[in-house]
Amino acid sequence: MSDSKNLKPIHTSFTQLFGCDFPIIAGPMFLVSDENLVSAVSEAGGLGGMPSLNWRTTEQFRDAVRKVKSKTSKPFGVNLIVNQANTRQAADLAVCAEERIPLVITSLGSPKETIRRMHEVGCKVFCDVTNLDYAKKVEDLGADGVIAVSQGAGGHAGPISPLVLVPYLKRHLKIPVVAAGGIATGEQIAAAIILGAAAVQIGTRFIACQEAKVDASYKKAIVDSDPEDIVMTLKISGTPAAVINTPYIQKVGLDLNPVEKLLYKFPQTKKYMKMARYYLGSKALEKAAGTTTWKEVWSAGQGVGLIDEILPASEIVHKLVEEYYEAARRLPV
């Protein structure tokens, strides 16, 4: 596999903004993305991402940020959940600002305060979006870019095909659009850039990497699964989330029970139901990711069908870049 020094950089508005070689974000994945994975991707020329909630306390999160900094001087990112269910939101944002995290990616709520605070310290904020209406709102709030979370993504996937969502957002926004959803090869990166994306965010492919701090059975499931094995469940957070359709998922079902559905209808109880469902779902993911258990709750996107080996994170980045250039050479002139 080629060394990053021997690979020609891919120049886009995203790489110019962050000073990285390749427009590849390793998606911040709950329980999966740790200091070693993040720093390995950044050192390889991409941009590693990690959720602040992968650490049990804000102080542990701060320690993790400093550990990443000790392993690489290159840019990396942090995902913040910005809805009311995340009681650590303000404290974790303070760490991001104090440590001057180059990129903060917001999810599941209003990014207004995050944008204000990170801009004060000269850092960038990209926001997860699944539709144009919300994308325009975050652009108006001052977001530096959007992550177009499309059909096929792991976790909280959007309903629109990336073939439509990326050029659709690109047509109506002035800020960079990052493609996310089912991307696992360099050919797909080339396709995303042709569609107008400034970068791609890749999650599932990096679950099947040597650095990913998850149980071997989870990595094996990524390699062994097909796109048809990915289903959407409300059981994790109350919002549709993509997981592998294991026997346990089949047993518990994909929908909320009648009582939960009723409580979600009323504003007075919806907030607390979201918090409870998020807590219970997170605990299920945590147990399944870290140990061998019959309760297999494994988040993944449809890109599983394009993953057939477990590699070091740096090799994945370099392989993606080589595939990108090979795909570019195949384009008719």
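**Close-ups of salt bridges, a buried aspartate and a surface patch**

**View 1. E98 reaches across to R62.** With a relative accessibility of 45%, E98 falls in the partly exposed class. The model here is a predicted one. Look for the side chain of R62: it meets the side chain of E98 in a salt bridge, with 2.8 Å from N to O. This pair ties together distant parts of the chain, since E98 sits in helix α4 (residues 89-98) and R62 in helix α3 (residues 58-71), 36 residues apart. R62 has a relative accessible area of 13%, so this arginine counts as buried.

**View 2. E99 pairs with K69.** One residue along the chain, the side chain of E99 makes a salt bridge to that of K69, at 3.0 Å between N and O. Here too, distant parts of the chain are linked: E99 is in the loop between α4 and β4 (103-107), K69 is in helix α3, and 30 residues separate them. Which partner is buried, and which is partly exposed? E99 is the buried one, at 10% relative accessible area, while K69 is partly exposed at 36%.

**View 3. Zoom out a little for the network.** The residues of the two previous views belong to a network of salt bridges that takes in E59, R62, R66, K69, E98 and E99. For the wider count, the structure holds 14 salt bridges.

**View 4. Helix α4 and what covers it.** Which residues of α4 are buried? They are D92, L93, V95, C96 and A97. Their cover includes α3, β3 (76-81), β4 and α5. Just past the end of α4, check the backbone at R100, where phi is positive, at about 50°.

**View 5. A salt bridge within α5.** R117 and E120 form a salt bridge, and their closest N and O atoms are 3.1 Å apart. The two are three residues apart in helix α5 (residues 112-120), so about one helical turn lies between them. R117 is partly exposed, with 24% relative accessible area.

**View 6. D144, buried and without a salt bridge.** D144 is in the loop that runs between α6 (132-141) and β6 (145-149). What is the nearest side chain of opposite charge? That would be K124, 4.3 Å away, and D144, though buried, has no salt bridge. The cut-off for a salt bridge is 4 Å, so a gap of 4.3 Å doesn't make it. D144 does have polar partners, though. Its side chain makes a polar contact of 2.8 Å with the side chain of H119. A polar atom of the D144 side chain also lies 2.8 Å from the backbone nitrogen of V125. Setting aside neighbours within four places in sequence, the contacts of D144 are H119, C123, K124, V125, F126, I175 and P176.

**View 7. A nonpolar patch on the surface.** L163, V164 and Y168 make a nonpolar surface patch of about 290 Å². One of them, V164, lies in helix α7 (residues 162-172). V164 has a relative accessibility of 47%, so this valine is classed as partly exposed.

Methods:
Residues are numbered from 1 along each chain as its sequence is written. This is a predicted model: local features need pLDDT of at least 70, side-chain atom pairs count only at pLDDT 80 or more; totals for chains, interfaces and linings use all residues. Side-chain values use heavy atoms; hydrogens and water are left out. Patches are made of residues with over 30% relative accessible area and no salt bridge: like charges are joined within 9 Å, nonpolar side chains (Val, Leu, Ile, Met, Phe, Trp, Tyr) within 5 Å. Accessible areas come from the Shrake-Rupley method with a 1.4 Å probe; for residues, only the protein chains shown count as cover. Helices (H or I, at least four residues) and strands (E, at least two) are DSSP runs, numbered from the N terminus. Buried means under 20% relative accessible area, exposed over 50%, partly exposed in between (1.4 Å probe, protein chains only). Lys and Arg count as positive and Asp and Glu as negative; His and the chain ends are not counted. A polar contact is a pair of N or O atoms within 3.5 Å; within protein, one must be able to donate a hydrogen and the other to accept it, and residues adjacent in sequence count only if both atoms are side-chain atoms. Contact means heavy atoms within 4.5 Å.
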